[in-house]
Amino acid sequence: MATLTVDADKASTAKVSAFVEAELEKLECPMKELAQINIAVDELFCNIASYAYPNASGKAVVSVQSPAPRMVAITFEDWGVPYNPLEKPDPDVTLSAEERKVGGLGIFIVKKTMDAVKYKHEDNKNILVIEKKW
């Protein structure tokens with residue numbers, strides 16, 4: 001398992017993306033899945049950077065592992081405000097952009113493009129895991 005610890009701020013987004021992409025290349029992840037995973041990673045890390053530590057700074061840990069051939073599991077951990085993004089209702093994508101409420105589209109895309117998305121709050125930290133097979 002490869003692990004990266006960064007400041008949970010938007011300035012770390014490029015570092016997180018580059019780290020995950022380098023690990024995916026080692027796993028010979030195809031371009032289509034790599035692109036989907038990159039979008040999910042950017043969305044999830046930006047949410048941590050934006051909302052986990054509203055009144056302070058904090059850390060985030062991103063881990064990449066391959067639990068089976070042609071599969072990746074990426075774990076995001078932070079010690080910020082407890083928040084399960086999977087409890088948020090999906091946006092009504094049948095509505096026009098003007099009619100739709102703001103927010104929720106990013107996690108909706110993550111849920112639709114990943115094979116599994118899991119959340120738990122344990123040991124005073126948020127743990128979100130995405131899995132993708134190819």
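1. Surface patch. Ile-39, Leu-105 and Ile-109 together make a nonpolar patch of about 240 Å² on the surface. The model is a predicted one, and the points below should be read as comments on that model.

2. Leu-105. This member of the patch belongs to helix H3, which covers residues 105-113. Its relative accessibility is 36%. Leu-105 is therefore classed as partly exposed, since that class lies between the buried limit of under 20% and the exposed limit of over 50%.

3. Largest pocket, size and centre. The space in the largest pocket comes to about 420 Å³. Its lining consists of 19 residues. Those nearest the centre of the pocket are Asn-47, Ile-48, Tyr-51, Tyr-83 and Pro-85; anyone inspecting the pocket on screen could begin with these residues.

4. Largest pocket, where the lining comes from. At least two lining residues come from each of helix H2 (31-51), strand S3 (71-78), helix H3 and strand S5 (125-133). H2 is the biggest contributor, giving five residues. H3, which also holds Leu-105 of the surface patch, is thus among the elements that supply the pocket lining.

5. Largest pocket, chemical make-up. Sorted by class, 12 of the lining residues are nonpolar, four are polar and three are charged. Tyrosine and proline count as nonpolar in this sorting, a point to keep in mind for Tyr-51, Tyr-83 and Pro-85 close to the centre.

6. Leu-24. Is this residue buried or exposed? Leu-24 sits in helix H1, residues 13-26, and has a relative accessible area of 0%. Leu-24 is buried because that value falls under the 20% limit. Its C-alpha atom is 9.1 Å from that of Ile-37, and the two residues are 13 apart along the chain.

7. Arg-70. The backbone deserves a look here. Phi of Arg-70 is positive, near 55°, although the residue is not a glycine. Arg-70 is in the loop that joins strand S2 (59-65) to S3. With a relative accessible area of 57%, Arg-70 is exposed.

8. Asn-124. Which loop holds Asn-124? The residue is found between strand S4 (116-122) and S5. Phi is near 65° for Asn-124, again a positive value in a residue other than glycine. Its relative accessibility is 57%, so Asn-124 counts as exposed.

Notes: Residues numbered from 1 in each chain as written. Predicted model: local features only at pLDDT ≥ 70, side-chain atom pairs only at ≥ 80, totals over all residues. Heavy atoms only, no water. Patch = residues over 30% accessible without salt bridge, like charges linked within 9 Å, V, L, I, M, F, W, Y side chains within 5 Å. Areas by Shrake-Rupley, 256 points an atom, 1.4 Å probe, with all protein chains shown as cover. Salt bridge = Lys/Arg side-chain N within 4 Å of Asp/Glu carboxyl O. Helix = DSSP H or I, 4+ residues; strand = E, 2+ residues; numbered from the N terminus. Buried < 20%, exposed > 50% of the residue type's maximum accessible area, 1.4 Å probe, protein only. 1 Å grid on protein atoms, 1.4 Å probe; cavity = no way out; pocket = protein on both sides within 12 Å on 5 of 7 lines; lining within 4 Å. Points joined across faces, edges and corners; volume = space filled by probe spheres on them.
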